[in-house]
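Here are my notes for you to read with the model open on your screen. Take the points one at a time and find each residue as you go.

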Amino acid sequence: MQPLNFPAYSFRIKNSQNRHYIFDGIRKKFVLLQPEEWVRQHVVHFLVFTKNYPKSLINVEKQLLVNRMKKRYDIVVFNPDGSIFLLVECKAPEIKIDQSTFDQIARYNYELQSNYLMVSNGLEHYYCQMDHENEKYTFLKDIPDFSR
């Protein structure tokens, strides 16, 4: 897999039947290593090891309903009170982040009501803070570190 624009992290990778798998510490299992999963695992490590978010507040690849259609978000970080702090959309490195990516995460966030959004293809990262009252978002240089 190609190097990404994240700090260097250590991953558990195994080979089975000529396919590579990466260990997901949140789901506590090996998952097929595809380009988007490579990005997702880097983001999880970034959140845990760089931003200090507890693993217990992170959820990966869960289903939600958007306009009565089943969708899956990539990563959600919860506040200790159970509300959603951060919604993350991951794309494979070869996928260009464009308006359709932001439209997708905005549709998901309409249901989830997260305070912050992150979009990454592993090479480019975008961070936003939501203003739900005025239905807009502000781009940020980074997301906040975890604080109790």
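1. Before anything else: this is a predicted model, so please treat what follows as a reading of a prediction. Let's start with a ring. Is Phe46 buried or exposed? Phe46 counts as buried, because its relative accessibility is 7%, and the cut-off for buried is under 20%.

2. Now look at what Phe46 does with its ring. Phe46 and Phe6 make an aromatic pair, with 5.7 Å from centre to centre and 55° between the planes, so it goes down as tilted under the rule that keeps edge-to-face for planes over 60 degrees apart. Phe46 belongs to helix α1 (residues 35-50), while Phe6 lies in the segment before β1 (13-16). The two are 40 residues apart, and the pair links distant parts of the chain. Phe6 is also buried, with a relative accessibility of 12%.

3. For a contrast, go to Tyr137 and Phe139. Their ring centres are 5.6 Å apart and their planes meet at 80°, so this pair is edge-to-face. What about their surroundings? Tyr137 counts as partly exposed at 34% relative accessibility, and Phe139 is partly exposed too, at 46%.

4. Those two pairs are part of a longer list: the count comes to 11 aromatic pairs. There is also an aromatic cluster to pick out, formed by Tyr53, Phe85, Tyr116 and Phe146. Try displaying these four side chains together.

5. Rings can have charges over them as well. Which ring does the charged end of Arg12 sit over? That of Phe23, at 4.2 Å from the ring centre. Lys14 gives you another example: its charged end sits over the ring of Phe30, 4.6 Å from the centre.

6. Next, the strands. β2 (residues 19-24) and β3 (residues 29-32) pair in the antiparallel sense, over 4 bridges. If you want one bridge to locate, take Ile22, whose partner in β3 is Val31. The two strands form a hairpin, with 4 residues between them. While you're here, remember that in a regular strand the side chains alternate between the two faces of the sheet.

7. Stay with that hairpin and look at its turn. Lys28 lies in the loop between β2 and β3, and its phi is near 55°, a positive value in a residue other than glycine. Why point this out? Most residues other than glycine have a negative phi. Lys28 is also exposed, with a relative accessible area of 64%.

8. Where else can you find a positive phi without a glycine? Asn52 has one, of about 65°. This residue is in the loop between α1 and β4 (58-66). Asn52 counts as partly exposed, because its relative accessibility is 48% and the label exposed needs over 50%.

9. How many disulfides are there? The count comes to 0. Cys90 is in no disulfide, and the nearest cysteine sulfur, in Cys128, is 14 Å away. That is too far for a bond, since a disulfide needs the two sulfur atoms within 2.5 Å. Both residues are tucked away from the surface: Cys90 is buried at 0% relative accessibility, and Cys128 is buried at 2%.

10. Now for the largest pocket, which has a volume of about 220 Å³. Its lining includes Ala106, Asn109, Tyr110, Met130, Asp131, His132 and Tyr137. Which elements give two or more residues to this lining? They are α2 (99-112), β8 (125-131) and β9 (136-140). The largest share comes from α2, with 3 residues. You have met Tyr137 already, in the edge-to-face pair with Phe139.

11. Last, a distance to check for yourself. Gln63 and Asp74 are 11 residues apart in sequence, and their C-alpha atoms are 9.3 Å apart in space. Gln63 is in strand β4, and at 46% relative accessibility it counts as partly exposed.

Note on methods. Residues are numbered from 1 along each chain as its sequence is written. This is a predicted model: local features need pLDDT of at least 70, side-chain atom pairs count only at pLDDT 80 or more; totals for chains, interfaces and linings use all residues. Side-chain values use heavy atoms; hydrogens and water are left out. Two strands pair if DSSP finds at least two bridges between them. Buried means under 20% relative accessible area, exposed over 50%, partly exposed in between (1.4 Å probe, protein chains only). Rings of Phe, Tyr and Trp (its six-membered ring) pair if their centres lie within 6.5 Å; planes under 30 degrees apart count as stacked, over 60 as edge-to-face and the rest as tilted. A charge sits over a ring if NZ of Lys or CZ of Arg is within 6 Å of the ring centre and within 35 degrees of the ring normal. On a 1 Å grid over the protein atoms alone, a cavity is a set of points where a 1.4 Å probe fits but cannot get out, and a pocket is an open set with protein on both sides within 12 Å along at least five of seven lines; lining residues have an atom within 4 Å of a point. Grid points are joined across faces, edges and corners, and a volume is the space filled by probe spheres set on the points.
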